[in-house]
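Okay, everyone, let me pull up the model and walk you through its pockets and its cores. Shout if you want a cut-off repeated.

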Amino acid sequence: KETQIKKSEIESILEELILENKVYKENKKYYLKKTGIITIKDKGFGFIKTDEDDSEYYVSEFDTLNSHTGDTVSFYVLGSTSQDHLDSGRVIKIIKRKNTHVLGRLILKKNKKGTSYYVQSYDKSYDVKCVIEKDNLNGAVDGNIVKAKITKYKGQFITEGYIEKILGHEDDPSIDISVIAEKYNFFKEFPSLVEDEIKNIETELNLNEHKNRKDFTSKCVITI
């Protein structure tokens, strides 16, 4: 269909949109470019949800660019899929990784090629393995619950890294608490300033304060 706009003018506008990160060009074709959070499913494909228009886009297992669940990615929009009629997308850049560590159990595996180590994630929403070279165990042994720092993202469910922290052994009574505390950055031990402040708390009652208080000493009181 003929229009009043020249082809060169349209191309010029599209090039400006590319500079504004709104359009992506590949093989002389132009695509709408967006940013969103990706979720990877067990079979390798995923879905990207955008903040700008709350839309969802299907991504095939071949178009995820080894992104992991929770990553912020840049992608361009393709046509709709035949199964669920969602627009599909192809990841072109991983802007930000959500997970930089893997919390889990260190596993030793022996086969004909030798001995290998990897950390199996405890987090079911981030079900990945982190391969650890022997020189990067940092004192950890098979069965330890550890925190591994990711240094390389090799695939959707495989990473490489090194042991950053040993939380304990899988049979330790309090290991579950240690894992939760590490995952959410809770303090298992109080800072020294808090410990020093506790020492200054008076442990004897001031009888002069009784007149300003209600007496519950004859009752059974449970506090949390």
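So, the largest pocket has a volume of about 440 Å³. For the grid people: we use a 1 Å grid over the protein atoms alone, and a pocket is an open set of points with protein on both sides within 12 Å along at least five of seven lines, where a cavity would be a set where a 1.4 Å probe fits but cannot get out; lining residues have an atom within 4 Å of a point. Points are joined across faces, edges and corners, and the volume is the space filled by probe spheres set on them.

This is a predicted model, so to speak plainly about filters: local features need pLDDT of at least 70, side-chain atom pairs count only at pLDDT 80 or more, and totals for chains, interfaces and linings use all residues. Residues are numbered from 1 along each chain as its sequence is written, and side-chain values use heavy atoms, with hydrogens and water left out.

Back to that largest pocket: 19 residues line it, and N99, H101, L103, D123 and K183 lie nearest its centre. β7 (101-111) and α2 (175-183) each supply at least two lining residues; these elements are DSSP runs, helices being H or I with at least four residues and strands E with at least two, numbered from the N terminus. The lining divides into 5 nonpolar, 8 polar and 6 charged. Here Ala, Val, Leu, Ile, Met, Phe, Trp, Tyr, Cys and Pro count as nonpolar, Asp, Glu, Lys and Arg as charged, and the others, Gly among them, as polar.

The second largest pocket holds about 250 Å³ of space. Its lining includes K165, L167, F186 and F187, and α2 gives the most to it, with 3 residues.

Now the cores. The largest nonpolar core has 14 residues, and V102, L106, V119, I132 and I163 have the most contacts inside it. By core I mean buried Ala, Val, Leu, Ile, Met, Phe, Trp, Tyr and Cys residues joined through side-chain atoms within 4.5 Å, with buried being under 20% relative accessible area, exposed over 50% and partly exposed in between (1.4 Å probe, protein chains only). β10 (144-153) gives the most to this core, with 3 residues.

What does I132 touch, leaving aside neighbours within four places in sequence? Its contacts (heavy atoms within 4.5 Å) include Y117, L137, A148 and I163.
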